[in-house]
Amino acid sequence: PGRRRGESRFGKVPLATRQRRARADESNEKCADCAMEVLLLGPARSGKSVLLSRFEQACGGNEIDLNPGETCGVDRKALTHNKNGFVMREIGYPLRDSWSDFYKACGVLVYVVDISDRFQIPSAIVGLLDILNHPKMEGKPSIIVLNKIDLPYKMHRSEVEYLLRLPEIAEMRNPAKGSKEKKDNKKIGDPKNWQHENFMVFEASAATGAGFDQVFDAVQLVLARLTPKGGKG
């Protein structure tokens with residue numbers, strides 16, 4: 001028998017879930033033709049909220065909140081930099097099953113990984129591949145932030161790249177620019193390639209600000225690349 005409205009194959013969908021999906025659909029409809037939304041995702045406690053706070057400060061906001069607590073819902077910030085407006089939307093990890101509700105409006109993905117937590121790596125790679133393989137994310141620029149480089153027990157970048165399969169992903173997501181460069185894993189996230197790459201990787205510390213300028217500049221460059229000439233964010 002067919003399911004009633006508001007039900008799933010697991011039973012009745014909670015009202016809060018239906019309301020959240022309705023808000024996501026409404027937001028996606030408004031932003032369907034807008035490439036100026038940055039979607040901030042990643043495993044729990046990877047530092048997404050602190051990174052969002054640092055973006056706010058870079059755009060003239062308040063002091064950085066270093067202890068924001070885990071985001072369980074959606075945190076949406078309308079920001080402006082050099083008179084160009086854009087939206088950053090952080091979706092909490094508890095809503096991971098609903099991340100795809102926000103892919104349509106996404107122009108740029110910023111995916112944050114805590115490289116001080118070795119046990120987070122499996123969930124990080126599963127989440128990243130799920131996002132990149134989704135039809136609504138095809139061809140969209142992705143910026144990977146290897147966060148918490150300020151901690152003494154951080155993993156080495158080469159190990160993180162291997163475990164997260166970043167060179168393989170970069171090879172698939174970025175345009176081929178010659179066999180020599182294609183084989184050079186060190187080119188991932190190289191500032192020389194920002195103009196044309198769709199997949200970039202940066203080491204940073206949202207807490208101390210180390211490496212943040214490169215992340216911020218990369219996001220702004222990608223947004224400028226996506227903005228139609230003569231258009232506004």
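Where does glutamine 120 lie? In this predicted model, glutamine 120 is found in the loop between β6 and α3. Its relative accessibility is 5%, so glutamine 120 counts as buried, the limit for that class being under 20%. Apart from neighbours within four places in sequence, glutamine 120 is in contact with Pro43, Ala44, Arg45, Ser46, Val113 and Asp114. A polar atom of the glutamine 120 side chain lies 2.9 Å from the backbone nitrogen of aspartate 114. Glutamine 120 and proline 43 are 77 residues apart along the chain, yet a distance of 7.3 Å separates their C-alpha atoms.

Serine 46, one of the residues in contact with glutamine 120, belongs to the loop between β3 and α2. Because its relative accessible area is 0%, and buried means under 20%, serine 46 is buried. The serine 46 side chain reaches the backbone oxygen of proline 43 at 2.9 Å. When neighbours within four places in sequence are left aside, the contacts of serine 46 are Val112, Val113, Asp114, Gln120, Asn147 and Lys148. Val113 and Asp114 thus appear in the contact lists of both serine 46 and glutamine 120.

Serine 46 also takes part in the lining of the largest pocket. This pocket holds about 330 Å³ of space and is lined by 22 residues. Those nearest its centre are Arg45, Ser46, Gly47, Val50 and Lys148. By class, the lining comprises 8 nonpolar, 8 polar and 6 charged residues. Helix α2, which spans residues 48–58, supplies the largest share of the lining, with 3 residues.

The nonpolar interior was examined next. The largest nonpolar core contains 29 residues, and those with the most contacts inside it are Leu41, Tyr111, Ile131, Leu146, Leu164, Leu166 and Phe199. Two or more residues of this core come from each of the strands β3 (37–41), β6 (108–114), β7 (142–147) and β8 (199–203), and from each of the helices α3 (121–132), α4 (157–164) and α5 (166–173). The largest share, 6 residues, is given by α3. Isoleucine 131 touches Leu41, Trp99, Tyr103, Leu109, Tyr111 and Met137, residues up to four places away in sequence not being counted. Of these partners, Leu41 and Tyr111 are also listed among the core residues with the most contacts. A second core, separate from the one described above, has 28 residues, including Leu52, Ile64, Leu79 and Leu223.

Definitions and conventions:
Residues are numbered from 1 along each chain as its sequence is written. This is a predicted model: local features need pLDDT of at least 70, side-chain atom pairs count only at pLDDT 80 or more; totals for chains, interfaces and linings use all residues. Side-chain values use heavy atoms; hydrogens and water are left out. A nonpolar core is a set of buried Ala, Val, Leu, Ile, Met, Phe, Trp, Tyr and Cys residues joined through side-chain atoms within 4.5 Å. Buried means under 20% relative accessible area, exposed over 50%, partly exposed in between (1.4 Å probe, protein chains only). Helices (H or I, at least four residues) and strands (E, at least two) are DSSP runs, numbered from the N terminus. Contact means heavy atoms within 4.5 Å. On a 1 Å grid over the protein atoms alone, a cavity is a set of points where a 1.4 Å probe fits but cannot get out, and a pocket is an open set with protein on both sides within 12 Å along at least five of seven lines; lining residues have an atom within 4 Å of a point. Grid points are joined across faces, edges and corners, and a volume is the space filled by probe spheres set on the points. Ala, Val, Leu, Ile, Met, Phe, Trp, Tyr, Cys and Pro count as nonpolar, Asp, Glu, Lys and Arg as charged, and the others, Gly among them, as polar. A polar contact is a pair of N or O atoms within 3.5 Å; within protein, one must be able to donate a hydrogen and the other to accept it, and residues adjacent in sequence count only if both atoms are side-chain atoms.
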